[in-house]
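Student: I should like a close look at one part of this structure, with its surroundings explained in a connected way. Please choose a residue and set it in the context of the contacts, backbone and pockets elsewhere in the chain.

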Amino acid sequence: MCGIVGCWDNTKQLTLSTLKLMTDSMQHRGPDAEGFFHEDNIFLGHRRLSIIDLSNSANQPMTSSCGRYTIVYNGEVYNFKTLKETISQQNPQYQWKTTSDTEVVLAAFIHYGYEFAKHLNGMFAIAIYDKCEKILYLYRDRVGVKPLYYYHQDGLFAFASEIKSLLQVTQIKDNLTIDKSAIEQYLHLGYIPHPQTIYNEIHKFPQSAMARFDGNVLKIESYWDLPRQITESITDETTAKKQLQLLLEDSIAGCMISDVPFGTFLSGGIDSSIVTAVAQHLSLVPINTFSIGFEDVHNEAQYAKSVAEHLHTSHHELYLKEKDAIALAEGFLSVYDEPYADSSAIPSLLVSQMAAKDVKMVLSGDGGDELFLGYGAYTWAKRMNNPILHLLRKPMSYVLNRGNNRTKRVAALLNYSGQYLKSHIFSQEQYLFSQEEIEHIMQNSTFSTNVRENYASDKQFSVEEQQALFDFNYYLPDDLLVKVDRAAMKYALEVRVPLLDHRIVELAFSLDVNLKKKGDISKYLLKEVLYDYLPQPLFDRPKWGFSIPLQRWLQKDLHYLIDKYLSEEIIEKLNLFNYNQIKLLIYRFDNGETYLYNRIWVLIVFVKFMTELYEN
């Protein structure tokens, strides 16, 4: 796990001192070593967090033995030992200089060619420069676990693991403008979906993509399209369970390869528990597990402790007072470099800080809900597909809107008229702004989105699976994985996500929908595998999740943020919103419509971001 940067500078304005500023801004991603490469117009930089092969010989940038190729790489490739063996068998004369996966990745590029990423199993953002052909190659993993941003304008192409690194280049920083359509996407989703960022000039490099850059033209292509990978529907439960269990054990075993101490995040829920249980099953010694809880707040920490005790892990837990988390609420935003409203980043930061005191790498359970239909949004997707409900949704919405907070939420969900049904269901499940609300609150709104809502495949996906594909393509890489990456890397902690092994992903979307949700049992098959390792009674409770009581905090301890950032003076100065609509929203929230809290929060986060941007 590391931080990478690079520039192709046709303007002849960049220097190595600028490259160092770029890497220094991401020292948290790689405190163990730094390295630089410069030749002609090319600059490459690297910050290293040493996990595999701790020697200096594994530092980056790394150049091939032939001297032609140079790589900077962030992530881990879990099948590197298998790749190394394959390459050695076909090229017995190859002399390996390290035991690192970096050298194997570079050798695999030379061995397989441009599309070599198809052979990699892992999480990665990779840049490789070919000195002979004068071509820069870029790659990002299939799911989008590892981040990569880029800028291409006025003779300068630059990329980095974090936006803050790009902002160290004066030529970039002085040329940035705010993308108004990204603001609307953010209000609707709570994050900005790829390829957009808050800036018109900076883009997210797509997941499962590879690219060539020749100094002028950037050509981006996809090497993996999940829906098109799915060619069958698996209906036999016995076969499916066996396949899932074998893949889980293989994926987790690969993720456990490490030359430093590691552990798991354990919330006590289904996903983190199965990752922890399988890891402990494969380990010869007790593994480290980490969980946090808040005093006087309902959470899953007590359940995590029960799971840890049953598995006999080396469990670490920290109970915090609410004030400890509240103190982070205003400051955590700087970690994310653009408006980002997922408040569960706060406990993610806290548990990462705790784990980093004992280990350098952890396994996480991210991905289980998207793969095995764990979210309530999937139930609503099925309901909204009912022709009768579709026909009566407007009058039903009118009636329900006259009721209590719960019925008003349902009314907002039913009040759908636009073309973006999947994003609408997501936004309303997350208590965010609907398209209609955005058109009222934004000045001169022209709401539109580039998000992909429909997916072609040989398998006929159910409406629940279609909604899950939407989350897999956007919510997962642009919100959840961003949250974990930035929170953990702030404390130089690597997080691996074994449930998102592409083989497990392909299997999950190949399963018949009834194997993922059986009656009222969500994540059915995943739970059936889990119960082979842990007793079912440990999980006979409602799903809670890794969250904070943001609604209550905004009513009390954090209400000052409303006054500080949503005042008429500040809103009018931004010249983006209709203040009267924000004033009405605050009035409704203060007078009992507390379900509006997340709409308030996304506005606070955005205005705070813009305020600090103008101050700098």
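Tutor: What follows begins with one tyrosine and its contacts, Tyr223, and then turns to salt bridges, backbone geometry and a pocket.

The model is a predicted one. Within it, Tyr223 occupies the loop that runs between strand β12 (218-222) and helix α7 (226-229). Is this loop residue buried or exposed? Tyr223 counts as buried because its relative accessibility is 7%, and the limit for a buried residue is under 20%. Leaving aside residues up to four places away in sequence, Tyr223 touches Ala117, Lys118, Phe124, Arg140, Asp141, Arg142, Ser208, Ala209 and Met210. Two of these neighbours are also reached through their backbone atoms by the side chain of Tyr223: the oxygen of Arg140 at 2.7 Å, and the nitrogen of Arg142 at 3.4 Å. Leu284, in contrast, is no part of this contact list; the C-alpha atoms of Tyr223 and Leu284 are separated by 37 Å, with the two positions 61 residues apart along the chain.

The salt bridges come next. In general, side chains of opposite charge can pair when their charged atoms come close. How many salt bridges does a search of the whole structure find? The search returns 36. One of them joins the side chains of Arg47 and Asp24, at 3.9 Å from N to O. This pair links distant parts of the chain, with Arg47 in strand β3 and Asp24 in helix α1 (residues 16-24), 23 residues apart. Arg47 counts as buried at 6% relative accessibility, whereas Asp24 is partly exposed at 31%.

A second bridge joins Glu330 and Lys564, whose closest N and O atoms are 2.8 Å apart. Glu330 lies in the loop between α11 (322-329) and α12 (345-355), and Lys564 in helix α24 (residues 559-565), so this pair ties together parts that are 234 residues apart in sequence. Glu330 is buried, with a relative accessible area of 16%, while Lys564 is partly exposed, with 41%.

A further bridge is formed by the side chains of Glu437 and Arg599, at 3.2 Å from N to O. Because Glu437 lies in helix α18 (residues 435-441) and Arg599 in helix α27 (residues 597-615), the pair ties together parts that are 162 residues apart in sequence. Glu437 counts as partly exposed at 24% relative accessibility, and Arg599 as buried at 2%. Salt bridges also link Arg29, Lys146, Glu162, Lys164, Asp337, Asp485 and Arg486 in a network.

The backbone deserves separate attention. Most residues other than glycine have a negative phi, and most peptide bonds are trans. The bond from Gln60 to Pro61 is cis, with omega near -5 degrees; Pro61 is placed in the loop between β3 (42-48) and β4 (62-63). Strand β3 is the strand that holds Arg47 of the bridge to Asp24. The bond from His194 to Pro195 is likewise cis, with omega near 5 degrees, and Pro195 is found in the loop between α6 (180-189) and β10 (202-204).

Positive phi values occur at His312, where phi is near 60 degrees, and at Leu373, where phi is about 60 degrees; neither residue is a glycine. His312 sits in the loop between α10 (301-311) and β15 (314-320), and Leu373 in the loop between α13 (368-372) and α14 (376-384). Their accessibilities place them in opposite classes: His312 is exposed, with a relative accessible area of 61%, and Leu373 is buried, with 3%.

The last feature is a pocket. Which helix gives the largest share of the lining of the second largest pocket? Helix α27 does, with 6 residues, and this is the helix in which Arg599 lies. The volume of the second largest pocket is about 590 Å³. Its lining is made up of 20 residues, and those nearest the centre are Leu167, Tyr199, Phe609, Leu613 and Asn616. By class, the lining divides into 10 nonpolar, 4 polar and 6 charged residues.

Technical notes. Residues numbered from 1 in each chain as written. Predicted model: local features only at pLDDT ≥ 70, side-chain atom pairs only at ≥ 80, totals over all residues. Heavy atoms only, no water. Helix = DSSP H or I, 4+ residues; strand = E, 2+ residues; numbered from the N terminus. Buried < 20%, exposed > 50% of the residue type's maximum accessible area, 1.4 Å probe, protein only. Contact = heavy atoms within 4.5 Å. Polar contact = N/O pair within 3.5 Å; in protein donor to acceptor, adjacent residues only side chain to side chain. Salt bridge = Lys/Arg side-chain N within 4 Å of Asp/Glu carboxyl O. 1 Å grid on protein atoms, 1.4 Å probe; cavity = no way out; pocket = protein on both sides within 12 Å on 5 of 7 lines; lining within 4 Å. Points joined across faces, edges and corners; volume = space filled by probe spheres on them. Nonpolar A, V, L, I, M, F, W, Y, C, P; charged D, E, K, R; others polar.
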